[in-house]
Amino acid sequence: MKSLQYQCKSRMEEQPKVYEAQCWGCAQWLVLPSYTPAFRCGWCGALSIQKPPKTARSRWKSRLIVFRDRAFVTFVLIIIASTVCGGVWVAFPVLFTSINFSFVFHSALTAILTFNTLFNFALCAHSPPGPVGKIAWGDVGFVPRGGLEGHTFCEYCKSPKPKGAHHCRTCGTCVMDMDHHCPFIGNCVGANNHRHFILFLLYTVISCFYVFGMGLYTGLKIWPSVISFNHARSARRVSIPLGLDLGTDVVARLFGSPLVVSARAVGLLYLVVSSIAICTGVGLLLYQQVSLLYSGETFLDSLVPYGKSKDREGWDNVRRVFGNRHPFWWLFPTFSVDSGIRKIHVR
Ligand SMILES: [Zn+2]
Ligand SMILES: [Zn+2]
Ligand SMILES: [Zn+2]
C-alpha cells in the first residue's frame, strides 16, 4: 500500500478490540493494541504518522515564488557586479597611479575574493541541495529488517523520507539535512551545498569589509581634491579632477551650496554605505549559521521548541560539512564535500 493513509480495522467480534494497520514501508499488516495516529513498524522501522491531508500549492503561487527567487538571485548578481566593477573604477585610478607591487597585490586580492564569492554562489545556487537517492520500499521481499529505520513517508514525493530530510515545497523535492530555503540563492541549503553557502557568506563578508576599508582610504585621498576643486570652482577656475562632473551647478543653484561632487565621489559614497550594510547583515547571518552548525542543528531544527542540547555541540559537527581536512583547506574552492557523517543516503 503506497499511501500513508493506513487502514484500521476493528474486530468487533473480539474483546478487547484490536486494530490492524498496514506499514507503508514493507506493506506488512501490523496488529496495534489501540488506535494510534503514529506507529513504528517492528520489521522495517518505518514510521507511519497520520496527518491531515495537505493541499498542493496553487499554480499562480508557485510561479510567484519562482519569480521572487529569480528576482532575488538577479539582485544579488547585480550587487556583486556593481560592487566589484564600481570598486575598481572608483578606487584603483585614485590609489594606484603606476603598476607597482601595491597595484598587483590589490588586483590579485580583488580577483581572488570575487572568484571565491561567485564560485560558491554558483555552486550553492545550482547544485542539488541534498538528494535523497533511491530507497527500496513497498514490499517486504526487498526491504531488509530495519531497512527503513526512522523513515517517514513524503506525501508530495510519494517516496520514503529519511530522518533529517525535509520536503521543500518551493524546490518540489525532499532535501537531506535541509537547513532552509534561501530566496537569495533560489535554492535550498542542505547536506550537499551547506559548505558552499557558508563560504559564500564568509567571502561576501570579507569582500565587503575590504571594499569598506579601501573606500574609506580612497575617500581620504579624494577629499582634499574635492575641497580644492570647490575652491577653484568658486573662483571660476573650472577643472574636473575626479571624473564626470554631475552638473552640480544645478545643485548649487537649487540648494545654494558651493559643494561640487563627481560621479566617482558618489560611487564611493554608495560603496562605503552599501558595503558596511551588507557586511553587517550577512555577518549576522554567517554568525547564526556557524553557531547552529557548531551546535549540530539546522535552522529548521532550531525552530522546534525543545531547547538546545549541549551534548551535540562540537567541531565534529563543522567537520561533517567541511570535511576532515585541516581547516586551512576549508577556504579553498572545491566541488565535493568529503564529509563522513552527513552522507547522502543512497540505496
Ligand atoms: Zn514495515
Ligand atoms: Zn518530498
Ligand atoms: Zn527549497
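Residues 71-92 are 100% helix and 0% strand, and their end C-alpha atoms lie 31 Å apart. A second span, residues 267-287, is also 100% helix and 0% strand, with 29 Å between the end C-alpha atoms. Both spans appear in the UniProt record, an unreviewed entry, which lists residues 71-92, 104-125, 197-220 and 267-287 under "transmembrane region"; such annotations may be inferred rather than shown by experiment, and positions follow the numbering used here, with feature names shortened.

A word on what you are looking at: this is a predicted model, where local features need pLDDT of at least 70 and side-chain atom pairs count only at pLDDT 80 or more, while totals for chains, interfaces and linings use all residues. Residues are numbered from 1 along each chain as its sequence is written, chains are lettered from A and ligands numbered from 1 in the order in which they are written, and side-chain values use heavy atoms, leaving out hydrogens and water.

Stepping back, the protein chain holds 8 helices and 11 strands, taken as DSSP runs numbered from the N terminus (helices H or I, at least four residues; strands E, at least two). Of its 347 residues, 41% are buried, meaning under 20% relative accessible area, with exposed over 50% and partly exposed in between (1.4 Å probe, protein chains only). Among contacts with a separation of 6 or more, 56% join residues 24 or more positions apart, a contact being heavy atoms within 4.5 Å.

Now to the metals. The zinc ion (ligand 1) is held by the SG atoms of Cys23, Cys26, Cys41 and Cys44 at 2.3 Å, where donors are N, O and S atoms within 2.8 Å of the metal (3.2 Å for Na, K and Ca); water is not among the atoms, so sites may look incomplete. These donors follow the spacing C-x2-C-x14-C-x2-C. Cys41 is buried at 0% relative accessibility, and Cys44 is buried at 0% too. Angles of 102 to 119° among the 4 donor atoms make the site tetrahedral, a label for four donors with all angles between 85 and 135 degrees.

The zinc ion (ligand 3) brings in a histidine: its donors are Cys168 (SG), Cys171 (SG), His181 (ND1) and Cys188 (SG), at 2.1 to 2.3 Å. This site is tetrahedral because its 4 donor atoms subtend angles of 99 to 116°. The spacing here is C-x2-C-x9-H-x6-C. Distant parts of the chain are linked by Cys171, in the loop between β8 (166-168) and β9 (173-175), and Cys188, in strand β11 (residues 187-189), 17 residues apart. Cys171 is partly exposed at 30% relative accessible area, whereas Cys188 is buried at 0%.

Methods: Tetrahedral: all angles 85-135°; square planar, octahedral: opposite > 155°, others 65-115°.
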